[in-house]
Amino acid sequence: NRGTNILIEGNVIEGCRGGGIWLHQDVSITNVIVRNNIIRHFGTDSTWPWAGPGFRHNSGNGITFGHGNNMWAYNNLIYNTGNAADPLGDDNCFFVWGDDRGIGKNFYFYNNTCHLATSESYGFWTYNVAQDTTAKNNIYSGVNILNRLDSVGPNNTNTNYITNPIFVNLV
């Protein structure tokens with residue numbers, strides 16, 4: 001996961017057991033753009049065969065950013081997430097996190113559409129000192145709570161909406 005100036009663009013990301021796109025756990029990750037992707041059928045809704053006894057799906061997160069800096073996600077479509085099997089892992093469209101050293105800041109989420117089909121879900125969750133986080137103009141469907149802001153630092157999460165995006169053909 002080490003790197004700078006990372007672009008993840010124009011992909012169909014499908015069937016991951018552990019969630020959609022994860023960029024975290026390394027402070028050297030900077031200047032990331034995740035745009036124009038379709039992220040679908042992950043978590044317990046994974047299309048991959050079950051791994052067998054002792055394995056489980058640990059998350060239903062669409063996009064996770066953490067511990068890095070200057071990360072952007074925009075114009076992505078996320079749907080059919082399944083449920084998180086880990087009792088501590090919720091199902092979220094977007095999840096960001098940092099730590100008490102101030103690592104994990106400048107996360108931006110714009111113009112994304114996300115449909116979750118789970119009972120415990122958040123449109124956007126900031127956790128553990130994620131700083132300077134902005135989520136604007138995102139459409140959420142099937143979520144219980146629009147924004148869960150557990151972190152400190154300036155967070156701007158206005159102009160996000162829970163509504164039915166009225167998909168014509170959600171494959």
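This passage walks through the sheets, the nonpolar core and the disulfide of a predicted model.

Parallel sheets come first. One open sheet holds six strands, paired in parallel and arranged in the order 2-5-8-11-14-17. Its edges are formed by strand 2, residues 12-14, and strand 17, residues 161-162, each of which pairs on one side only. At the strand 2 edge, the neighbour is strand 5 (residues 38-40), and three bridges link the two strands in the parallel sense. For a reader who wants to find this pairing on screen, I13 is a handy place to start: its bridge partner in strand 5 is I39.

A second open sheet, also with parallel pairing, is built from five strands in the order 3-6-9-12-15. Strand 3 (21-23) and strand 15 (145-149) have a single partner strand each, so one side of each is left without a neighbour in the sheet. From one strand to the next, the twist averages 10°. At the strand 15 end, strand 12 (residues 121-127) runs parallel to strand 15 and is joined to it by four bridges. Within this pairing, F124 has N147 of strand 15 as its bridge partner.

Further parallel pairings involve strands 4, 7 and 10. Strand 4 is joined to strand 7 by five bridges, the two running parallel, and T30 stands opposite N69 of strand 7. Strand 7 in turn runs parallel to strand 10, again through five bridges; here W72 is matched with Y108 in strand 10. As a general point, side chains in a regular strand alternate between the two faces of the sheet.

Attention now turns to the interior. Nonpolar side chains in soluble globular proteins tend to be buried together. In this model the largest nonpolar core counts 26 residues, and the members touching the most others are I21, L23, V34, I63, F65, F94 and F109. Two or more residues each are supplied by strand 3, strand 4 (30-35), strand 6 (63-66), strand 7 (69-74), strand 9 (91-97) and strand 10 (105-110). Strand 9 makes the largest contribution, with three residues. V34 gives a good view of how these elements meet: leaving aside residues up to four places away in sequence, V34 touches I8, I21, L23, I63, F65, W72, A73, Y74 and N76. Among these contacts, I21, L23, I63 and F65 are listed with V34 itself as members that touch the most others in the core.

What covalent cross-link does the model contain, and which cysteines form the disulfide? A search of the whole structure finds one disulfide, formed by C93 and C114 with their sulfur atoms 2.2 Å apart. The angle about the S-S bond is -95°, making the link left-handed. Because C93 belongs to strand 9 and C114 to strand 11 (residues 113-115), the pair ties together parts that are 21 residues apart in sequence. Both C93 and C114 are buried.

A last stop lies beyond the six-stranded sheet. N164 sits in the segment that follows strand 17. Is N164 buried or exposed? With a relative accessibility of 53%, N164 counts as exposed, because the cut-off for that class is over 50%. The C-alpha atoms of N164 and G142 lie 8.2 Å apart in space, while the two residues are 22 apart in sequence.

Definitions and conventions: Residues numbered from 1 in each chain as written. Predicted model: local features only at pLDDT ≥ 70, side-chain atom pairs only at ≥ 80, totals over all residues. Heavy atoms only, no water. Pairing = 2+ DSSP bridges. Axes fitted to C-alpha atoms, helices over the stretch in contact; angles between N-to-C directions. Buried < 20%, exposed > 50% of the residue type's maximum accessible area, 1.4 Å probe, protein only. Core = buried A, V, L, I, M, F, W, Y, C linked by side-chain atoms within 4.5 Å. Contact = heavy atoms within 4.5 Å. Disulfide = S-S within 2.5 Å.
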